[in-house]
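Trainee: I would like to learn how cysteines are read in a model, and then how the overall fold is summarised. Could we go through the structure together?

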Amino acid sequence: MSKSSQTDQTPEADLGRRDALRVIGCLLCAAAVPGVWSQAQAQSLGAPLNILKPAETLAADGFKLMSVAGDPAILYASKTPVAGGVQRGQVWLTVYSRICSHRSTVVIGPPRNQVMTCPKHHQAYDLATGQPTGYVHRTSDPLAQYSLQVRPDQSVWITGMIRPQAG
């Protein structure tokens, strides 16, 4: 009978260890996900970050790929006003994170037709709004968006975050 009770206790003990390891694994994975760090880094952006020098220009529908606090981002120039964007000359500028709000995958490569698409699940994002769009609806969360400032010399600076990464 004692052998039977030892057998009954072993699976429970193993299950407890497995659960603990799963929790630790989940915590480690969460710490490694770029989107989780994106919010903390952007909010701790100690000093404004110069992203466009006075002589640099972007034409309407133009973009510049960059990194903000170690995370991939995109500066986009729109013909029309953008919520949270700033006007510089004839265009409205905005900066979005290039980390997909669905699964924290880096949305890579240049956008096409003012849309960025996640290579993992094909979620598309409208660069004029940062909102998910298209036929694939994996998420309703927009891309993280940074706050901008145009200085008197016409340089453009990131000063913080308007909309943090969802999740």
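Trainee: Why is the sulfur of C118 not bonded to the closest cysteine sulfur?

Mentor: A disulfide is a covalent bond between the sulfur atoms of two cysteines. Here a disulfide is taken as a pair of cysteine sulfur atoms within 2.5 Å, and the closest cysteine sulfur to that of C118 belongs to C100 and lies 3.9 Å away, which is too far for a bond. The count by this rule is 0 disulfides, and C100 is accordingly in no disulfide, with the sulfur of C118 as its nearest at 3.9 Å. Please keep in mind that this is a predicted model, in which local features need pLDDT of at least 70 and side-chain atom pairs count only at pLDDT 80 or more, while totals for chains, interfaces and linings use all residues. Residues are numbered from 1 along each chain as its sequence is written, and side-chain values use heavy atoms, leaving out hydrogens and water.

Trainee: Are C100 and C118 buried or exposed?

Mentor: Buried means under 20% relative accessible area, exposed over 50%, and partly exposed in between, with a 1.4 Å probe and protein chains only. C100 counts as buried because its relative accessibility is 1%, and C118 is buried at 1% as well. Across the protein, buried residues make up 36% of the 167 residues.

Trainee: Which elements does the protein have, and in what order do they run?

Mentor: Helices (H or I, at least four residues) and strands (E, at least two) are DSSP runs, numbered from the N terminus. The protein has 2 helices and 10 strands, running α-α-β-β-β-β-β-β-β-β-β-β from the N terminus on.
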